[in-house]
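Visitor: Please show me the structure, and let me ask how its terms are earned.

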Amino acid sequence: MSAALPLSLPAQEVTFIHTADWQLGMTRHFLKGDAQARYTAARQEAIGRIGRLAATHNAEFVLVCGDVFEDRQVSSRVIRRSLDHMQQIGCPVYLLPGNHDPLDAASIYNSRVFTDHKPDHVHVLGTVGAFQVRPGVQLIAAPWTSKVPLADTIAQQVSMLGPSEDIRIVAGHGRVDTLAPDSDDPTLIQVAELERAIADGLIDYVALGDRHSVTDIGDTGRIWYSGAQEVTNYDHREEDPGRALVVTLTRGQYMPGVTPAHDENAVHVTAEPVGQWAFRTVEHDINSADDISGLRRRLDAFDHKANTVVQLALRGSVSITERSELDAMLEEFSDRFAALTFWDLRHDLVIRPDDEDFAEMALTGFIGDAVTELSELARATDSQAAVAQEALALLFRLAGGSR
């Protein structure tokens, strides 16, 4: 007599870390001296923090959804050190090639330095389709195999799926159509198709990379960009970087061969901080010495200045004396921050030429003549005015007018 079939199957559950866009080896043009080296190291050291996050939450694996490396030109030192950090993660790590590091003929993942030093628990999702993590859990991988794909590879994979009692996690990389509604790019990820597959019980979660801020896509709570592990752009462009997602998926008890109702399933996503750097934009109006003091208070208020880049957009007009005070203050903060730059598109600070700025200095001879000539040019409205204003400010400081 044959054994009776069970009335239901046990619930399935998995917890994992969703991360992406590590872009190891990234450089930023505004970082000088040791700041660039520290930033490069921080992007690698975040891997260790992700590993500790996985251990804290008993995650079964770490899933990196594309752009693990900045490009195929990164040095062997970056590759080896990055793999050393992955070695310390105490669970399997799955790497999905993205647009920065596609699995093409020149791929990092095929390089001797990568294959010779890759830890055994680090796996490259280089083949499209299903990958069995363990019984009951599948990854549906959509890697980039070139920098110019011709279609939405995620949709292609999802369209071939039939019903399954396994938890299915789609691993993909790229832009979604809902964030680029006016684009006709054939590679855009179709959110409606993913939501339909979720509603039909074909997939349980879509882990995406490419967008560097944590972003919940659509209405299901099951399609997410994890954002980058470290900041890559200023906060007016990246709202929530420097995080990794802890994801727990549950599929309720099943009748054999019957797809469960959607409300029997559960998803829980938590964004946890792993980054240590910040790129901040500061817009500030300056028309007086009090405004300069206000800017000082704002800059002083930032924590962890050595790991913070500040982009300034200053607007208004100042006297030469006030400009000298401002320059001295910015020189101080340039030493304290990782970098202090100007947002050229929004920066519009002009100098009000005032004879009293130089009156007490009693400048004579060719220096006095230069002051007179530059002051006249600075009051003009043509393109030379800004150059003359900067020259006056520099001359003021060189002549000992800086406080």
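Visitor: Which residue in E12 is the bridge partner of Val247?
Guide: Val269 is the partner of Val247. This is a predicted model, in which local features need pLDDT of at least 70, side-chain atom pairs count only at pLDDT 80 or more, and totals for chains, interfaces and linings use all residues. Residues are numbered from 1 along each chain as its sequence is written, and side-chain values use heavy atoms, without hydrogens and water.

Visitor: What makes E11 and E12 a pair?
Guide: Two strands (E, DSSP runs of at least two residues, numbered from the N terminus) pair if DSSP finds at least two bridges between them. Strand E11 (residues 243-251) and E12 have 8 bridges, in the antiparallel sense, so they count as paired.

Visitor: Why are E4 and E12 said to stand at the edges?
Guide: The open sheet of 6 strands runs E4-E3-E2-E1-E11-E12, with mixed pairing. Strand E4 (122-124) and strand E12 (266-273) each have a single partner strand, so one side of each lacks a neighbour in the sheet.

Visitor: What makes a residue part of the lining of the largest pocket?
Guide: On a 1 Å grid over the protein atoms alone, a pocket is an open set of points where a 1.4 Å probe fits, with protein on both sides within 12 Å along at least five of seven lines; a lining residue has an atom within 4 Å of a point. The largest pocket has a volume (the space filled by probe spheres set on the points, which are joined across faces, edges and corners) of about 410 Å³. Of its 20 lining residues, those closest to the centre are Asp210, Arg211, His212, Arg237 and Glu238.

Note on methods: Helices (H or I, at least four residues) and strands (E, at least two) are DSSP runs, numbered from the N terminus.
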